[in-house]
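Here is a friendly walk through a single protein chain, written for someone who would rather be at the bench. Keep the structure open beside you as you read.

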Amino acid sequence: MRKKKNLFERFSNWATHATGSSAAFIIATSTVIIWAVSGPIFNYSETWQLVINTGTTIVTFLMVFLIQKSKTRIPKQST
């Protein structure tokens, strides 16, 4: 009998699929391009740099756990 997946399991499966898509790559690339183009508008200020540094740090932190979750799925053995 198959056990129902909990909310976190379903979310992590969805997030793994979504972040591995072409759309996610295009969104990430577009974000970096928009940030770079906006540099002169904000005079390359420390706040302007802090925005991308904070954003990428948060995304990287969360993705590490998501990758770990997706790679350590071990099928349960039936007894």
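## Inside helix 3

In helix 3, the buried residues are W48, I52 and L66. Their cover includes helix 1 and helix 2. Please keep in mind throughout that this is a predicted model.

### The chain as a whole

The protein chain has 3 helices and 0 strands, and from the N terminus on its elements run α-α-α. Of its 79 residues, 10% count as buried. The accessible surface of the protein chain comes to about 7200 Å², and 69% of that area belongs to carbon and sulfur atoms.

How confident is the predictor? The mean pLDDT of the protein chain is 88, with 87% of its residues at 70 or more. Among the elements, helix 2 has the highest mean pLDDT (96), while helix 1 (residues 7-19) has the lowest (88). As a reading tip, predicted coordinates should not be read in detail where pLDDT is low.

### Helix lengths and the UniProt record

Does helix 3 have the span expected of it, or a span that disagrees? At 1.5 Å a residue, its 26 residues should span 38 Å, and the end C-alpha atoms are 37 Å apart, which agrees.

An unreviewed UniProt entry lists residues 21-42 and 48-67 under "transmembrane region". Here is how those two spans look in the model:

| Span listed by UniProt | Distance between end C-alpha atoms | Helix | Strand |
|---|---|---|---|
| Residues 21-42 | 31 Å | 73% | 0% |
| Residues 48-67 | 29 Å | 100% | 0% |

Within helix 2 (residues 22-37) you will find V32. This residue is partly exposed, because its relative accessible area of 44% falls between the 20% and 50% cut-offs. V32 and T56 are 24 residues apart in sequence, and their C-alpha atoms are 9.8 Å apart in space.

### Aromatic rings

How many aromatic pairs does a search of the whole structure find? The search finds 4 aromatic pairs. One of them joins Y44 and W48: the ring centres are 5.2 Å apart and the planes stand at 90 degrees, so the pair is edge-to-face, as the angle is over 60 degrees. Y44 is partly exposed, with a relative accessible area of 47%. Its partner W48 counts as buried, because its relative accessibility is 11%, under the 20% cut-off.

The rings of F61 and F65 also make an edge-to-face pair, because their planes are at 70 degrees, with the centres 5.1 Å apart. Both residues lie in helix 3 (residues 46-71), 4 residues apart, which is about one turn of the helix. An α-helix has 3.6 residues a turn, so residues three or four places apart point the same way. F61 is exposed, with a relative accessible area of 52%.

Ring pairs also link W35, Y44 and W48 into a cluster.

### The loop between helix 2 and helix 3

Which backbone angles deserve a look in this part of the chain? N43 is found in the loop between helix 2 and helix 3, and Y44 is found in that loop as well. Phi of N43 is near 55 degrees, a positive value in a residue other than glycine. Phi of Y44 is near 50 degrees, again a positive value in a residue other than glycine. For context, most residues other than glycine have a negative phi. N43 is exposed, because its relative accessible area of 64% is over 50%.

Y44 is therefore worth finding on your screen for two reasons: its ring pairs edge-to-face with that of W48, and its phi is positive.

Terms used
Residues numbered from 1 in each chain as written. Predicted model: local features only at pLDDT ≥ 70, side-chain atom pairs only at ≥ 80, totals over all residues. Heavy atoms only, no water. Helix = DSSP H or I, 4+ residues; strand = E, 2+ residues; numbered from the N terminus. Buried < 20%, exposed > 50% of the residue type's maximum accessible area, 1.4 Å probe, protein only. Phe/Tyr/Trp six-rings, centres within 6.5 Å; stacked < 30°, edge-to-face > 60°. Areas by Shrake-Rupley, 256 points an atom, 1.4 Å probe, with all protein chains shown as cover. pLDDT = per-residue confidence, 0-100. Expected span 1.5 Å × (residues − 1). Contact = heavy atoms within 4.5 Å. UniProt positions renumbered as here; feature names shortened; annotations may be inferred.
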